[in-house]
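Grab a coffee and work through these exercises with the model open beside you. Each one sets a task, then walks through a solution.

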Amino acid sequence: MATYNTSDFKRGLKVQIDGDPYLMIECNFVKPGKGNALYKCKLRNLLRGTVLDRTLKGGDSLESADVTEISSQFLYRQQDTFVFMDKANYEQYELTKEQVDDAWKYLKEGMDCQMMLYNNNPISVSPPNHVVLQIEYCEPAVRGNTATNLTKPCKLESGAEILCPAFVEIGDFIKVDTRTGEYLERAKG
Amino acid sequence: MPKDNASHDFRPTATWPRLQLRSEMLARVRGFFAQRAFLEVETPLLSADVVVDRYLDPLSVTLPDDPRRPDCGKTLWLQTSPEFGMKRLLAAGGEAIYQITRSFRAGERGPLHNSEFTIVEWYRRGDDMRQGMQTLSDLAEALLQLGPAETVSYADAFRQHAGLDPHRATSEQLRAAAERLGLSVADTFVQADRDNWLNLLLAEVVEPHLGQSRPTILYDYPAGQAALARTHGDPPVAARFELYVRGIELANGYHELLDPSELRGRNEHANRQRKADGKPPLPAESRLLAAMEQGLPDCTGVALGFDRVVMLAAGATSIAEVMAFPLERA
């Protein structure tokens, strides 16, 4: 396994610490006085999502983690199993609901997703930043009210419930920001 | 219309108002020293000699004997500071001298570091540490207008912010303090020595408090971090001092070591440590040592990181914002 020396450290590096893969989300070079360099790193555990602060001395190294990202397509859901396909080689991957995490709220058959593999096993998927989904159920629209500050819960075709402005109706297509889970605008289907 | 980054990176990273501020501050430095009758000097950037320090990695340049074989020839060093040249001038009769110059340090890159940076360095014959700290405080006041600096000993700062005596605490006690203060370090810190632990605590828990209400000068460093400063007292401390503003280190000064045999010993020690770290040794003999054999006058010298001072004056958060072209765009 390759290793990264402190001089290679930068945001986005994937490293292995105590048997878990981590993503380096921040790395600050500090050198007090004429002393040894310090690298103050923030790392996100790619399996648990927790953030670890770690300070290393200049010359230290970290093992690289075998983490790759592939483009995949969401095929279908069967209870709590989500099936994806690697778009490059058509290989299929089954992910649990825990692995899919919040992404399940936005998944629609045929949707393109980025998938992260650790030692060739899927560990997470991320849907596109903006997705268009159809409203499956909501209370009737409030006539004449086009204000966006009045909201109501709407159930989407993916099964997720999000808050939308009061004027939307069953069957409407809406655009959602998957990073915040927020309604953006009405869209064409 | 070009869209990619590459086609834009000919541009400076500093805005024109900041480059103008930089130019005004250079003029202010020259005015400050002219008023105090310091002579502006220039010493070589390329020298056969270089500071021997465990943690300073100089860049080397080959001076080819034959232009057709550019990598064969004498090795010269880009200076990590103008210290050697300036002390040789003092030994040869200089009284009060200053210089504004570029310095080079390999591997140093971050918001507060650029491998090529600007140092303002000065020496005055007869100055002790107090006088050296006074001139530093005056210059900081002239450049930043934040009032005179307070002085705090390294030991007092550690007692206050880390709850320990930095000159007497063992490695084990320093490690325990880091743990108590919630610092998370890599496993490799197991092999850390006292000075590594002190540097970690300094960076993480002491520095953030320094220079917050007004500039702070920290003085009397651990003897293990003396570099080219003389040591005194029991337990021994180094007559070394540093200026901090808003938690950022701006300057480093020494009541200079005069004893050549002491410097030879320190060079040897630093080279042994470099070897243990897997780094090449640096030339142990130098024309500075020759000057010290003849007699270096009692003096204090200070080096100020000019880019950082301009950065603070501009309200910027990285030195790239006050430099025309940092390393990535050099």
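What percentage of the 330 residues in chain B do buried residues make up? Buried residues make up 45% of them. Here a residue is buried if 20 or more other C-beta atoms lie within 10 Å of its own, exposed if 12 or fewer, and partly exposed in between, with C-beta atoms placed from the backbone.

Before going on, some ground rules: this is a predicted model, in which local features need pLDDT of at least 70 and side-chain atom pairs count only at pLDDT 80 or more, while totals for chains, interfaces and linings use all residues. Residues are numbered from 1 along each chain as its sequence is written, and chains are lettered from A and ligands numbered from 1 in the order in which they are written.

**Exercise 1. Describe the overall build of chain B.**

Step 1: take the secondary structure. Chain B has nine helices and 12 strands. Helices (H or I, at least four residues) and strands (E, at least two) are DSSP runs, numbered from the N terminus.

Step 2: check the dimensions. The C-alpha trace of chain B spans about 60 × 50 × 50 Å along its principal axes. Its radius of gyration is 20 Å, which agrees with the value near 20 Å for a compact globule of 330 residues. That radius is taken over C-alpha atoms, and the globule rule is 2.2 Å times the number of residues to the power 0.38.

Step 3: look at contacts. Take pairs at least 6 apart in sequence: in chain B, 70% of these contacts join residues at least 24 apart. Two residues are in contact if their C-beta atoms, placed from the backbone, lie within 7 Å.

**Exercise 2. Do the same for chain A, and add its confidence.**

Step 1: chain A comes to one helix and 16 strands.

Step 2: its C-alpha trace spans about 70 × 40 × 25 Å along the principal axes. The radius of gyration of chain A is 21 Å, whereas a compact globule of 189 residues would have one near 16 Å.

Step 3: buried residues make up 28% of chain A. Of its contacts between residues at least 6 apart in sequence, 44% join residues at least 24 apart.

Step 4: chain A has a mean pLDDT of 91, and 95% of its residues reach 70 or more. pLDDT is the predictor's confidence in each residue, from 0 to 100. Within chain A, helix 1 (residues 97-100) has the lowest confidence, at a mean of 88, and strand 8 (residues 81-86) the highest, at 96.

**Exercise 3. Work out what chain A brings to the interface with chain B.**

Step 1: count the partners. 19 residues of chain A are in contact with 28 residues of chain B.

Step 2: find the elements. On the chain A side, strand 3 (20-30) and strand 5 (51-57) each supply at least two residues. Strand 5 of chain A gives the largest share, five residues.

Step 3: sort by type. The chain A side divides into six nonpolar, seven polar and six charged residues. For this sorting, Ala, Val, Leu, Ile, Met, Phe, Trp, Tyr, Cys and Pro count as nonpolar, Asp, Glu, Lys and Arg as charged, and the others, Gly among them, as polar.

**Exercise 4. Find the less usual backbone spots and place them.**

Step 1: recall the norm. Most residues other than glycine have a negative phi, and most peptide bonds are trans.

Step 2: start with the peptide bond. From Asp234(B) to Pro235(B) it is cis, with omega near -5°. Pro235(B) sits in the loop between strand 9 and strand 10 (237-245) of chain B.

Step 3: turn to phi. Asn119(A), not a glycine, has a positive phi of about 50°. Asn119(A) lies in the loop between strand 10 (112-118) and strand 11 (121-126) of chain A, and it counts as exposed because it has 10 C-beta neighbours inside 10 Å.

Step 4: add the chain B case. Ala37(B) has a positive phi near 60° and belongs to the loop between helix 1 (16-35) and strand 1 (39-40) of chain B. Ala37(B) has 9 C-beta neighbours inside 10 Å, so it counts as exposed.

**Exercise 5. Place His232(B) in its surroundings.**

Step 1: His232(B) is in strand 9 (residues 231-232) of chain B.

Step 2: it has 13 other C-beta atoms within 10 Å, so it is partly exposed.

Step 3: leaving out residues up to four places away in sequence, His232(B) touches Val237(B) and Ala239(B).
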